[in-house]
Every structure is written in structure tokens, then in C-alpha cells.
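Some questions on a protein chain are worked through here. Keep the sequence and the 3D view open while reading.

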Amino acid sequence: WSDQRDNFPNEISQWNDTDGDGYGDNASGNLFDSCILDYGDSNKAQYWGCPDADGDGWADDIDDFISDISQWLDSDGDGFGDSIIGFEGDSCPSVVGNSTEDFYGCEDIDGDGWSNSGDAFPNEPTQWSDRDFDGYGDNQEIGADLIDAFPGDSSQWNDTDEDGHGDNPFGTQGDWFPNDPTRWQDSDQD
């Protein structure tokens, strides 16, 4: 090819560029255009010259997130990208997961948003935290199960008569009369 018709005068393996994106049409040459008829600037995975809507370098047809520059691959197909430093990066990229609270994309059996590994109650959707490790949850919302009436006191969790003292008489704030809201203390424990 003469230099007047050669789009790549300094590259012997390329000479024509049909779509004018800077990548040559010769598939056996250097930096060949993977999308000869479509102008594009993709430059990752040896897939050059194809449309790349988000500008991350990954061609739209191999980019799992065509409108997110920080993600391009979702190995497990759960909707969270493999780039941990990208938007909502998948902390468990080889496991299909739906967690969103502590980690993105990890297994969450009860569907409360907390990953099984970060959930003190992985099978109870209304609880996920247990600061005092007594087996009752910190979530005090109406409708929640296993509510800890005393989330900062591991010796107490329930208050049947609602007098502010826990049903365990031997714990701190203990109630020797758990069914009587007018009495709670028994100094001599008789």
C-alpha cells in the first residue's frame, strides 16, 4: 500500500481502518480491530476497537456492567462485580450471594442483608447482631424475634413483667419477681 492509502504507515501488519477508530482491519496483524464496522475504544482482553459505553476499556459485549466504569466482570452472576474496590465489589466472587450490609455478594441464608459470616443469627431474618453474646438479638423493632431487652447485659435478655429488670434473678438488674411489675428485689433471697 502506498503511504497515501495506508492508515498505518509505521505498522507493517496493518494498513486499513474501516471505522476510523485507530485499530486495523487485519485480524492477523498487531492491534487488530475486533469490531471492524463499529467505531470503538475498547482496549482490554485483546478485544480492541469496539464500543465501550462506560469508558473502562472493556467492550460492551464482554462487559457485565456496561454503565459502571469500576466493574466489568461478575464471575458468579449475582449482580456484584468482581473488582472489590469497585462500586459494590463482590466480597465472595466465586459464590452467588445476596448480602448487602456487611459485605456485598456473599451468602445470606435468611435474606436480611447480612452475610452468614457476619450475622449472629444466620437463620433468623429479624436479627443479625448480638453485642452481649447471650443468644438474643439487638434489633428492638416491633415484629422482631429473639429480642434482647437488655442488649448490653449478657446476664439478662427478657423482662416478662416489663418493670425494667430482667427475668434472671441472679444476673445484674435481676428480678426475683418476674411476673409482678411492682416488685423486683429480694435482698435476703427468701
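The questions below cover disulfides, aromatic pairs and two single residues in a predicted model.

Q: How many disulfides does a search of the whole structure find?
A: A disulfide here needs two cysteine sulfur atoms within 2.5 Å. Cysteine 35 and cysteine 50 form one, with sulfur atoms 1.9 Å apart. Cysteine 92 and cysteine 106 form another, at 2.0 Å. The search of the whole structure finds 2 disulfides.

Q: What is the pairing of the bonded cysteines, numbered in sequence order?
A: Cysteine 35 bonds to cysteine 50. Cysteine 92 bonds to cysteine 106. Numbered along the chain, the pairing is 1-2, 3-4.

Q: Is the disulfide of cysteine 35 and cysteine 50 right-handed or left-handed?
A: The sulfur atoms of cysteine 35 and cysteine 50 are 1.9 Å apart. The torsion about their S-S bond is about 95 degrees, so this disulfide is right-handed.

Q: How many residues apart are cysteine 35 and cysteine 50?
A: The disulfide of cysteine 35 and cysteine 50 links distant parts of the chain. Cysteine 35 sits in the segment before β1 (43-44), and cysteine 50 in the segment after β2. Both cysteines are buried. Their separation along the chain is 15 residues.

Q: Is cysteine 92 buried or partly exposed?
A: Buried means under 20% relative accessible area. Cysteine 106 falls under that cut-off at 5% and is buried. Cysteine 92 has 22%, so it is partly exposed.

Q: Are the rings of tryptophan 58 and tryptophan 72 stacked or edge-to-face?
A: The structure holds 4 aromatic pairs, and this is one of them. The ring centres of tryptophan 58 and tryptophan 72 are 5.6 Å apart. Planes under 30 degrees apart count as stacked. The planes of these two rings are at 10 degrees, so the pair is stacked.

Q: Are the rings of phenylalanine 80 and tyrosine 104 stacked or tilted?
A: The ring centres of phenylalanine 80 and tyrosine 104 are 5.6 Å apart. The two residues are 24 residues apart along the chain. Their planes are at 35 degrees, so the pair is tilted.

Q: Is tyrosine 104 buried or partly exposed?
A: Phenylalanine 80, its ring partner, is buried at 10% relative accessibility. Tyrosine 104 has a value of 28%, so it counts as partly exposed.

Q: Which residue offers its backbone nitrogen to the side chain of serine 99 at 2.9 Å?
A: Serine 99 is buried, at 0% relative accessibility. Its side chain has a polar atom 2.6 Å from the backbone oxygen of phenylalanine 103. Its contacts beyond four places in sequence include Phe80, Tyr104 and Trp114. The backbone nitrogen reached at 2.9 Å belongs to cysteine 106.

Q: Which residue has its C-alpha atom 7.2 Å from that of proline 151?
A: Proline 151 lies in the segment after β2 (47-48). Proline 151 is buried, with a relative accessible area of 18%. Leaving aside neighbours within four places in sequence, its contacts are Arg131, Asp132, Asp138 and Gln140. The residue whose C-alpha is 7.2 Å away, 21 residues apart along the chain, is aspartate 130.

Notes. Residues are numbered from 1 along each chain as its sequence is written. This is a predicted model: local features need pLDDT of at least 70, side-chain atom pairs count only at pLDDT 80 or more; totals for chains, interfaces and linings use all residues. Side-chain values use heavy atoms; hydrogens and water are left out. Helices (H or I, at least four residues) and strands (E, at least two) are DSSP runs, numbered from the N terminus. Buried means under 20% relative accessible area, exposed over 50%, partly exposed in between (1.4 Å probe, protein chains only). Contact means heavy atoms within 4.5 Å. Rings of Phe, Tyr and Trp (its six-membered ring) pair if their centres lie within 6.5 Å; planes under 30 degrees apart count as stacked, over 60 as edge-to-face and the rest as tilted. A polar contact is a pair of N or O atoms within 3.5 Å; within protein, one must be able to donate a hydrogen and the other to accept it, and residues adjacent in sequence count only if both atoms are side-chain atoms.
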